[in-house]
Every structure is written in structure tokens, then in C-alpha cells.
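Please walk through this structure from its interior outwards, and explain where its nonpolar residues gather, both inside and on the surface.

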Amino acid sequence: MERTRTQSHIEPLAPPPEYSSAVSDPVFDQPRELEVPPPRTPVRPLALLRRPDFRRLYVAVGASELGDSLHYIALMWFALDVGGPLGVVAVRLADSIPAIVFGLHGGLAADRWSRKRLMVSADLVRGAVLVPVAIAGLSGSLPLWGLVTAAFILETATSYFAPAYGATVPTLVDRENVQQANALVQASVQAISIGGWAVAAALLAFIPVSAFFAVNAVSFFVSAAFLSRLRHGQEHDPHAQPPHLREGFLALRPRPMLAAATIALGAAVTITAGTWISGVPTLVRDTLHHGAGGFSVVMVGYAAGSIVSGVVLSRLPIRRKARASMIAWVMYLPGYGLVALATSLPVAALGAFFAATGQSTSVVLLSSAAQEEVPDNLLGRVLGVISLTHRGAHATGLILVSPLFAFVAARAVFGAAAIAVPLVGLVALAAATRRADGARARAIGRTRRS
């Protein structure tokens, strides 16, 4: 958290000594007992894997991510096969809307109940849901409504898993190491995704695509087994007052940079998700004249950008994380700019690389900022707000942005998005800076009058 100092002839801002430790901070009006202690020197990212609990969490996430990479291929293939393009849209909406409906309650649950049990329960639900889907797919009788229902339940469970997971990370690695931990996980899961797609291509020569649903179910059960062995993550005071949803929003008020970065995330992902989900396949097919293989090349470029972002952030600590997360959206200017101008797959893949670098950096830094700044008893709800904003924006993008490709050329939409996304981040940063400067000016005025 930043501390503002006046010129050398003015005493530094600090509460008078007669004030108790519970008085409000003169700048941010934040009770001092809610402040997070100053961070210590962070450790190297790979050294975090020497901690048994974080290693178990890391393996659990990796296992489920490998299953997810195969599951995505099967889900999209079956949706397209049984429902056509509208079937794909229906499934994508089904795996986005639950974040809007349950995202906030998932954060509330993470602050009220055992986070470890929430994660294990979410994984068990996700694994159990996929068992009948796999059976129906293997028997050749998987209807579209079954896919939509399964996608809805899977995302509902994820809405409870994500805040619990995010709130658990600081207890396993300490707050000063959350950026390194998040970046390490980000780089690893993207590398696993690329590996999963390669494995899928090889496996499809021997097994039906519906078997991928079964593989993903097993991956969730494996993840639950590792998570059940965590020694931390189940702290809960049964005598504590029940938490309230609005406290997650109120916790953002004295943190203008964090609040602005969250709003920027929602607006930016609405644009990027809406353009990516519908626009990239359209551009690859209609403009670049390639098929599914060409789309895979662009996807690999995107995954590579996320990996590079994770590797860099795991080794380069960022002090002002919320501020940097808004600046990171500027990477969409070269990213989507190259996609809009692309005349070949390599250029489009390079654009996807820059776009992924921007979004992955922003998401990692925003989550890390919340994990560093927000007290543990509020962290689940704040992460629930961020999860709602992030995952819910996929649904708003599908509804508000994706239809543009039916009326406007793909190049024009990507060109407009290349300008709009960076503007979202910069405008949010300017607004947050102005609000913080105004709060400091008022605090200085109060101090001088006193």
C-alpha cells in the first residue's frame, strides 16, 4: 500500500500518538487492525514447491487442467456436431452464466466454511457430473441439453472452487510470495494445455473423443485426492459472525486501485472474450482460409503468450500490482492490431501471443494484489467479486460483442477492440489515480487544520 509524504518542511502523515491502533488511516479511512503487515523478501518460484501443501495444490491444479484441455476439445466437438454453431453458443453461455449467478456466493462460502472442503467438494461434483456424460457420449446418445446441463453444473462448481482456491494460496506460500505462486501456476497450466492438445491429437487415433469426458472426470477425482491432504485451508471459526455479501464490495472502497482494476477486468474481458470466442474462428476460416488446424496454431500462440507472462512474473516481483494490471491491457494494441492486419497464420498467432501476455499478466497481478492487500477474513468475498467480474464477462461478451461478427467484418471488429481494450485499462487507471490523489489532498487538509 502506498504512503504519501509531503514536502520536507512538513511532517510525514501519521496519526497522533494519543490515537489508539484502531483509529482510521487518514488517507484510506481503513482500520489499522485490518492492514496487512509489510511484506518480506519473496522466495524463488520453484522453491515454493518444496512446501508440501503448495506442492499438493500445484499437482491438483495441474491434474485437473490436463483433463480440462481434453474436455474442451470433446465439449466443443459434440456441441458443434449435435447443435451446429448455435449449439456451441449455447454451451459457452451455459459455462459462463453460473459465474454471474453464483460468483458472489462462492466468495461468501470461502469466508464462511472450510476452503479445503469447498475445493474438494467442487472437484467431486465436477467429476461426478462427467461420468454420465462420458457414458452417454461413448454410447452415442449424448444430446445437446445434456451438454448444456453439464456445462452449467461444472461452471457452478467452479464458482465455488475459484474463490476458495485463491484465498487458500496466501496461507500456503505467505502473502509476499503470491505473485510468484500465481505466475508459476499460470505458466504451468498453459504448458499443460499445449501438452494436452498434443496428447489429444495422438489419442484420437485410438479412442473416441467422448472418452475425454471420462479422462476429465478422473482428473477431478485425482485433484480432490491431493486437495484432501492439505494441512491448511480449513481454518474456520464456528463462533464468528456470518459474513455478508456486501462486505466484499465494501472492502474495495478504501482500495481505489484494486477496485478500478476489477472494473477494468470486467470491461476488458467482455470485449476480449466476445471477440476471441466468435471472431478468431471466423477470421481463420473466412479471411485466412484455414480450417481447425489453423485455429489450433493461433491457440498455441495464445498459450505461449500466457506461458511467457507466467515465467516473467514468477521471476520479476511487481510492487504496484493493481496499477500494473491495468497497464497490462495495453498489450492488446499490438496483439489485436496484428490479428486485424494478419494475412497469414504466423502473424495472427503472434497477435494472439501479445494478447495473451496482456490478459494473463492483468489477471495474475489483480489476483495477487487482492491476496496481498485484503485481510484473510474478507479475502474470499473480494476474490468472489473478482471471479464474478472475470468469468461473468465471458457471458456478457458472448451476448454483447460476439453478434457483431454477423454484421461487421472480422478485421474491423478486431481493429476497434485493439483500441478499446487499452483505453479501458488506461481510463480506469486515470480514474483511480485521481480518486487516490483527491483522498490524499483531503487528508493533508485535515492534518493541517488539526
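A nonpolar core is understood here as a set of buried Ala, Val, Leu, Ile, Met, Phe, Trp, Tyr and Cys residues that are joined through side-chain atoms within 4.5 Å, where buried means under 20% relative accessible area. The model is a predicted one, and its largest nonpolar core has 58 residues, among which Trp276, Val298, Met326, Trp329, Tyr336 and Phe414 have the most contacts inside the core. At least two residues of this core come from each of the helices H8 (256-287), H9 (292-315), H10 (321-327), H11 (332-341), H12 (345-373), H13 (376-400) and H14 (410-449). Of these, H8 gives the most, with 16 residues.

Trp276 offers a way into this interior: once its neighbours within four places in sequence are left aside, Trp276 is in contact with Pro281, Val298, Met299, Tyr302, Tyr336 and Ala352. A second core, separate from the one just described, has 28 residues and includes Ala110, Val120, Tyr160 and Leu227.

We turn now to the surface. There, Ile97, Ile100, Val101, Val125, Phe152 and Ile153 make a nonpolar patch of about 450 Å². Helix H2 (97-112) and helix H4 (144-173) each supply at least two residues of the patch, and H2 gives the most, with three residues. Ile100, which lies in helix H2, has a relative accessible area of 41% and is therefore partly exposed, since that term covers values between the 20% limit for buried and the 50% limit for exposed residues.

Methods:
Residues are numbered from 1 along each chain as its sequence is written. This is a predicted model: local features need pLDDT of at least 70, side-chain atom pairs count only at pLDDT 80 or more; totals for chains, interfaces and linings use all residues. Side-chain values use heavy atoms; hydrogens and water are left out. Patches are made of residues with over 30% relative accessible area and no salt bridge: like charges are joined within 9 Å, nonpolar side chains (Val, Leu, Ile, Met, Phe, Trp, Tyr) within 5 Å. Accessible areas come from the Shrake-Rupley method with a 1.4 Å probe; for residues, only the protein chains shown count as cover. A salt bridge is a side-chain nitrogen of Lys or Arg within 4 Å of a carboxyl oxygen of Asp or Glu. Helices (H or I, at least four residues) and strands (E, at least two) are DSSP runs, numbered from the N terminus. Buried means under 20% relative accessible area, exposed over 50%, partly exposed in between (1.4 Å probe, protein chains only). Contact means heavy atoms within 4.5 Å.
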